[in-house]
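Morning, everyone. I have one structure to go through today, with the overall fold to begin with and the pockets after that. Please have a look at it before I start.

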Amino acid sequence: MNAPLVSTTSAWQSLKALGARAPSLRSLFHDDAERFTRFSCEAAGVLLDYSKQRIDTATRDALLALARQQQVEARRDALLRGEPVNLTEGRAVLHTALRLPAGSHLMVGTQDAAADAAAVRARVAAFAESVRTGHWRGHRGRTMRHVINLGIGGSDLGPQMVQLALTPFAQSDLAFHFVSNVDGRHLADVLARIAAADEADRTLVIVASKTFTTLETMMNAHSARNWLLASGCPIDALEQHVVAVSTNVSAARAFGVAEQNVFPFWDWVGGRYSVWSAIGLAVVLAIGAPAFEAFLAGAHAMDQHFAQAPLERNLPVLLALIGIWNANFLGHGALSIAPYHQRLARLPAYLQQLEMESTGKRVTVDGQPVDYATCPVLFGEPGTNGQHAYFQLLHQGTQPVPVDFIAVVDDDCGLPGHNDALLANCFAQSQALAFGKTLDEVRAEGAPAAAWLAPHRTFPGDRPSNTLLLEALTPGTLGALLALYEHKVFVQATVWGINAFDQWGVELGKVLTKDVLGALHGDLGPALDGSTAGLIARVRERRGLGK
Ligand code: F6P
């Protein structure tokens, strides 16, 4: 028998009633001078200030009751134990095993996931060390200078985002290039720059693909290999230039990667949760194995907090419940991610995949359509850039969009004044969103030239935000921050009754691409709709191939 939808439960109905009379942020702050203390929480180097959410103690209690009703604690424990919680694919989900301390053991069936992860980590560390110290040489005997990571989705966004975020921790003079798109311009532009510097023989290509079947990555891998050969690399020296990271070791071997250069991971690591695995190879090459260990340790600290802290002080649980409150009871269908740190520029894209691919679902685990919202639309840019683009809508548009502001206290740019200006902008934005400006306040500032101009200058306020504050952006705090969002996603999926760990929604387009590609090449195949057929005909005409 199907489990009842969460929306039919008494905990959900109580929250609906609370949502209908949610207090304003002005009144919440007016009534409680201690609000910041009461509505903030800290763990593993991350402070979450959620006082600018339209939540009072009654709402928080009701949200926690919803979490308990949905058995968040028991399901969390099952996840961390390695039970097959990814039911549609019959898999355990154990990215947390990738960051267990050395010497840990965690059995998945007959496999010791923690021990196997540590063994691969040691291989990755040794390989990275040999490249970083210059022992690893290319076919002309020169050291490596360029690393090209070929991967897409989780095999791209994680290593790319983390490598950029941790730039100050990089001690090698390697240049990193992340190529994901099937659009050949992406790869061609990188290869052209390397060729112009006559450094093809100083190039290391990482083919990063969980499945080793993804169209984009395989096309890029073949093109990169051909380019290496064309630029003078003897075929038997390719192993000095191409390595692979995959769960599909046999396919990587069949592609021509030497056995010792394939770094494996396992099907219990989801693509968007894989930066902690050998998929993080580019990061290890950049910052070295000890700093990567610190990154894992930061994530592990958050894992432990998630596993042990009571729900009312549990950061991932609170972040998840705030999102549920906004999406399901205040009706907000989007979430803006605003990192006030230029090196976190790729964090919004990373979280887009983490959240939207995980909880962008419309049926429950047992296949029932839901009658409530699930994942909001995520988008974002680093602050302060977003302020000069889409923040106008956030302040005065018709649809309130909650924001996660992410800020870092310490300065490491060496340019006086910038960091305080950055922090001041960040805090001022959440203030303006929360409290707005009334007509009376506009008038009190001095009457505008004409009365009809005054409403243009008012701000409705009551636009909720979180502020996540890190003292410094280090491997450890970054690891903790990412683990926080991972667990947030799990808690939300648990409450919504959906599976966070599959992604069937990306499959249909992949299948149709094959038919369309055939039609572009003149193979008629299955009948196409009028729009698609018309577009294909236009391309063929332009190429002089007839319709
Ligand atoms: O198409 C979606 C997806 O499967 C993501 O979940 C994944 O991160 C990405 O493609 C890349 O997959 P792979 O690592 O197998 O090449």
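Let me take the overall dimensions. For 547 residues, a compact globule would be expected to have a radius of gyration near 24 Å, and this chain comes out at 25 Å, so the two agree. Bear in mind that this is a predicted model. Measured out along the principal axes, the C-alpha trace spans about 75 × 65 × 60 Å.

In secondary structure, the chain has 20 helices and 13 strands. Burial next: 53% of the 547 residues count as buried. The exposed surface of the chain is about 23,600 Å², and 55% of that is supplied by carbon and sulfur atoms. On contacts, take the pairs of residues at least 6 apart in sequence: 74% of those contacts join residues at least 24 apart.

Now the pockets. What is the volume of the largest pocket? The value is about 1,100 Å³. Its lining consists of 39 residues, and the ones closest to the centre are Thr211, Thr214, Val506, Glu507 and Lys510. Three elements give two or more residues to that lining, namely α9, residues 215–230, α14, residues 347–359, and α19, residues 507–520. Which of the elements gives the most? That is α19, with seven residues. By class, the lining of this largest pocket divides into 17 polar, 12 nonpolar and 10 charged residues.

On to the second largest pocket, which has a volume of about 590 Å³. Here 27 residues form the lining, and Arg75, Val365, Thr494, Gly497 and Ile498 lie nearest the centre. The elements giving two or more residues to this lining are α5, spanning 72–81, and α18, spanning 475–496. Of the elements, α18 gives the most, with five residues. How does the lining of the second largest pocket split by class? There are 16 nonpolar, nine polar and two charged residues.

To put the two side by side: the largest pocket has 12 nonpolar and 10 charged residues in its lining, while the second largest has 16 nonpolar and two charged. For anyone who wants to find them on screen, go to α19 for the largest pocket, since that helix gives the most to its lining, and to α18 for the second largest.

That is all I have on this one.

Note on methods
Residues numbered from 1 in each chain as written. Predicted model: local features only at pLDDT ≥ 70, side-chain atom pairs only at ≥ 80, totals over all residues. Heavy atoms only, no water. 1 Å grid on protein atoms, 1.4 Å probe; cavity = no way out; pocket = protein on both sides within 12 Å on 5 of 7 lines; lining within 4 Å. Points joined across faces, edges and corners; volume = space filled by probe spheres on them. Helix = DSSP H or I, 4+ residues; strand = E, 2+ residues; numbered from the N terminus. Nonpolar A, V, L, I, M, F, W, Y, C, P; charged D, E, K, R; others polar. Rg over C-alpha atoms; globule rule 2.2 N^0.38 Å. Buried < 20%, exposed > 50% of the residue type's maximum accessible area, 1.4 Å probe, protein only. Contact = heavy atoms within 4.5 Å. Areas by Shrake-Rupley, 256 points an atom, 1.4 Å probe, with all protein chains shown as cover.
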